[in-house]
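Work through the exercises below with the sequence and the model side by side. Try each task before reading its solution.

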Amino acid sequence: MLCVSLLIYGGLAGGLQRPPHVVDGEKLSASEQKQLLQLVQALQASPPPPVSGPGTGRDVQGYVITIKEAGKAPVEFEANDLTRNQPFATLSRWILNHSRADGGSC
Amino acid sequence: MQCIMPPHILEHLLKSEDGELREIALTNLLTNGRLGGERKVQSLTFAGGPGGSMRTVYDCRNRPSRSLAKVARTERSGVSKDATVNQAFEGLGATRDFYKDVYKRNSIDDRGMRLEAFVHYDKNFQNAYWDGKVMVFGDGDGKLFIDFTKSLDVIAHELTHGVTEFTAGLEYHNESGALNESISDVMGSLVKQWSLKQTADQADWLVGAEIFTPKIKADALRSLKAPGTAYDNPILGKDPQPDHMDRFAKLPDTQRGDWGGVHINSGIPNKAFYLTAMAIGGKAWEAAGHIWYEALLASNANTNFRQFAQTTVIKASQLYGTEKRKAVSEAWAKVGLSVTVPSLTPSAKGEEKDLEAAETHLAELTHQIEVLSDRVRELTSEVEQSLHS
């Protein structure tokens, strides 16, 4: 069963702590679990490019999606406002829409 | 044989309401290599003509794409029904006018560069940023943040990143990056003070005071007056900014390390500016801001805190003389940076005394001239009265 989290950090509010948004797959309906799996697979197939430096962006926000599967080491994908690609952005939005308000954990 | 789109057509397409056509036109201009360097292209293609710096605000309609944004307001269109569009438009204008009126700077590049902002970017987007060419604003998530265009100092902060890029080019990491952030905070605050006609002691010296939701107990994103005190609550944590070199945060030069803490250590030069402005008094954008702006123009990509501090002391001396030089020097000393300027070292104390004596003599002469001028006016008035009687 999947557990995914999205951490948003930095940006104009650099220094601010923000709790991660967490989705526990065990608490999803069957169709939501299927959606989540498809989005995770899309991201794994097409990860965003690595962030090698600040580039021309100023105050861009950073994002970390962490995917945990039972029996496997967690996998992280990192991006920012300028580097996040469609699979990353789509999964980010899905996590925000389905996550617990208090952050939670799994 | 290569067919080349005539430039006048491409420039017309740049103003199209269709985002895709604008992208195609810009791509054509860049890849044709007609003009050397992306920055030059950007400056020329986005220029609104001599003294133009025309503004355009685009509405992303809560989509995570700028290429599909619609033009929402231009210099020729009327006021929008959308308050966010109007706030962005007015904020761009206030910042542009500040730089023009106060520092005689013609837009970001000093050549009338067009100013563009994209609002309603994505859904619940909790940020505002500068991508190197344009500004992007989110609406916030309604829990932590609200509309980022509500804060004039945020708009001016982002545009000032463009000014820095066209002047010193301070690299965005470690000390030069923290200076880059500080310059944006300082100028952001000055644009707000200028628009409100506030003196230094009337200003709140806060950045982003308007963008938190009411239920979040926080003053602002940052405080130039008291770095480290802008917020302290269980959700956001405590404002981590230092106000002294003793508390300089050594962070990794990575994205997660805020590129060496550019938003953290900016608190130190922020505080130095606040202390300078308060010591000088009056309107902070005049002497203090002028000194800082000239120091920015005299800096380069790798300027660190100490070098910038030295430059501000030198500029203060050159532009305003001993008194303000002392104010700047003492401000930096209070944040842990004692500045030694070569021409003012103990071995040159004789020169320093000569300079002070010359300045005093000049002040005396100026006063005498003013007294004599008043007397001449009185005598002239008496003569005129006697002629008419």
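The exercises that follow treat one chain as a whole, then an interface, a strand and a helix.

This is a predicted model, in which local features need pLDDT of at least 70 and side-chain atom pairs count only at pLDDT 80 or more, while totals for chains, interfaces and linings use all residues. Residues are numbered from 1 along each chain as its sequence is written, and chains are lettered from A and ligands numbered from 1 in the order in which they are written.

**Exercise 1.** Determine the order of helices and strands in chain A, and compare the radius of gyration of the chain with that of a compact globule.

Solution. Counting helices (DSSP runs of H or I, at least four residues) and strands (runs of E, at least two), both numbered from the N terminus, gives 2 helices and 4 strands in chain A, and along the sequence they follow the pattern β-β-α-β-β-α. Next, the globule rule, 2.2 Å times the number of residues to the power 0.38, is applied, with the radius itself taken over C-alpha atoms; for 106 residues a compact globule would have a value near 13 Å, and the 14 Å of chain A agrees with this.

**Exercise 2.** Describe the side of chain B that touches chain A.

Solution. With contact defined as C-beta atoms, placed from the backbone, within 7 Å, 29 residues of chain B are in contact with 25 residues of chain A. Strand E4 (128-130), helix H5 (152-166) and helix H7 (258-261) of chain B each supply at least two residues of this side.

**Exercise 3.** Is strand E1 of chain B mostly covered or uncovered, and which strands pair with E1(B)?

Solution. A residue is buried if 20 or more other C-beta atoms, placed from the backbone, lie within 10 Å of its own, and by this criterion 5 of the 5 residues of E1(B), residues 55-59, are buried. One side carries Arg55(B), Val57(B) and Asp59(B), the other Thr56(B) and Tyr58(B). Pairing requires at least two DSSP bridges: E1(B) is parallel to E3(B) (residues 115-119) over 5 bridges, with Thr56(B) opposite Glu116(B), and antiparallel to E2(B) (residues 70-74) over 4 bridges, with Asp59(B) opposite Lys70(B).

**Exercise 4.** Establish which helices pack against the buried residues of H10(B).

Solution. H10(B), residues 305-320, has buried residues including Phe305(B), Phe308(B) and Ile314(B), and the buried residues of H10(B) pack against helices H6 (174-196), H8 (267-280), H9 (287-297) and H11 (322-334) of chain B. After H10(B) comes Gly321(B), with a positive phi near 100 degrees.

Note on methods. Contact = placed C-beta atoms within 7 Å. Buried ≥ 20, exposed ≤ 12 C-beta atoms within 10 Å, placed from the backbone.
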